[in-house]
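Work through the exercises below with the model open. Each task is followed by a solution in steps.

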Amino acid sequence: GYYVYRTDVKPNDATELGLPLSELEGTVLGFEDSFDLRPGRYFYGVKAVLGGQESENVAQIEVAVLSAMPLTDALGIDPNAKVGAQVRLATHPLGTDDLGRDLLARLIRGGQVSLLIGFFAPLAYIFLGVMVGGIAGYYGGRVDAWVMRFTDLVIGLPFLLFMILFKIEFGIGPGESGVIPMAVSLIVLSWTGSARLTRGQVLQLRESEFVQAARLLGARPSYLIFRHLIPNLMGVLIISLTFGIPSTIFTEAFLSFIGMGVVPPTPSWGSMCNDGIRSFLSHPHEFLFPAIIISITV
């Protein structure tokens, strides 16, 4: 039989044959190497063996490995392709990930997911906070006290724990996207800031002259809140929204990065960073491009 070895450095003697690949016995006269091959130059060593004793002589074979694909795959790109011919593949401006998927396409698709959560969740929880804070600030007294104590309770709830509970409640299993439970948890637990901000502004505005005049003219509370109070809060709410959107985008990226948010195969910028960090030393572009996009957007 024969022993087959491989190394990517030309050996000087029989002790530098490299990685043992296979033992060929009987009438086998060929060997196909497919172990972690990359384009480049390899040196194979073949030693005869008889009765467990290896020959001192080594047959050295130098092989230049080229990039190639099966003819069946090449025909899908160029129907006239023939064995040995070169075919032109589609361009990948930002490269591909470890599974060969175009990184630019995944960044665009992941941006749809990240920005959907980043814009929808702040709009929803700020609207909820305005409603709660407006009611508490306008009515005051016992209503204000109970609403604010409930707000303090929600502030103290651990976000990550409730994120896990929402995933369980929605029946999200391993490998399934957690977009919905993450959006719900963000809305349920993030309205408190805008509620307290709205309450403070409403407490100040409800004593102003134009509100008092409208009240003397018989305006109902709902009319006062939606016609006079909330429009005068828009400046503060817009500022709150501009801070809430990047904060939510970063929260989604963080949760997806630790595997608690959007999980593969559904792409998001955070989950792409999680995929890229594992191969950062050899292929840093898989991590750097989504990280740069997150930084620019935030």
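**Exercise 1. Find the volume and lining of the largest pocket.**

Start with the volume: the largest pocket holds about 300 Å³ of space. A pocket is an open set of points on a 1 Å grid over the protein atoms alone, with protein on both sides within 12 Å along at least five of seven lines. Volume is the space filled by probe spheres set on the points, which are joined across faces, edges and corners.

Next, the lining (residues with an atom within 4 Å of a point). It has 14 residues, with Ser67, Ala68, Met69, Ala85 and Val87 nearest the centre of the largest pocket.

Last, sort by class. The lining of the largest pocket has 10 nonpolar residues, three polar and one charged. Nonpolar covers Ala, Val, Leu, Ile, Met, Phe, Trp, Tyr, Cys and Pro; charged covers Asp, Glu, Lys and Arg; the others, Gly among them, are polar.

The ground rules come next. This is a predicted model, where local features need pLDDT of at least 70 and side-chain atom pairs pLDDT 80 or more, while totals for chains, interfaces and linings use all residues. Numbering runs from 1 along each chain as its sequence is written, and side-chain values use heavy atoms, without hydrogens or water.

**Exercise 2. Describe the largest cavity.**

Count first: there is one cavity of 30 Å³ or more. In a cavity, a 1.4 Å probe fits but cannot get out. The volume of the largest cavity is about 70 Å³.

Then list the lining: Asp97, Asp98, Arg101, Leu103, Arg106, Met272, Asp275, Gly276 and Glu286. By class, that gives six charged, two nonpolar and one polar.

Now assign elements. Helix 2 (103-139) and helix 10 (269-277) each supply at least two residues of this lining. Helix 10 gives the most, with three. Helices (H or I, at least four residues) and strands (E, at least two) are DSSP runs, numbered from the N terminus.

**Exercise 3. Classify the aromatic pairs.**

Apply the rule: rings of Phe, Tyr and Trp (its six-membered ring) pair if their centres lie within 6.5 Å; planes under 30 degrees apart are stacked, over 60 edge-to-face, the rest tilted. The count is four aromatic pairs.

Take Phe150 and Trp191. Their centres are 6.1 Å apart and their planes at 20°, a stacked pair. Phe150 is in helix 3 (residues 141-155) and Trp191 in the loop between helix 5 (179-190) and helix 6 (192-205), so the pair ties together parts 41 residues apart in sequence. Phe150 is partly exposed at 47% relative accessibility, while Trp191 is buried at 5%. The cut-offs: buried is under 20% relative accessible area, exposed over 50%, partly exposed in between (1.4 Å probe, protein chains only).

Now Phe162 and Phe166. The centres are 6.5 Å apart and the planes at 50°, so this pair is tilted. Both residues lie in helix 4 (residues 159-169), four residues apart, about one turn of the helix. Phe162 is partly exposed at 24%; Phe166 is buried at 17%.

**Exercise 4. Check the span of helix 6 and locate its buried side.**

The expected span is 1.5 Å times one less than the number of residues. For the 14 residues of helix 6 that is 20 Å, which agrees with the 20 Å between its end C-alpha atoms.

The buried residues of helix 6 are Thr192, Ser194, Ala195, Thr198, Val202 and Leu205. They cover an arc of only 150° around the axis, so they sit on the same side of helix 6. The arc is that of the directions from the helix axis to the C-beta atoms.
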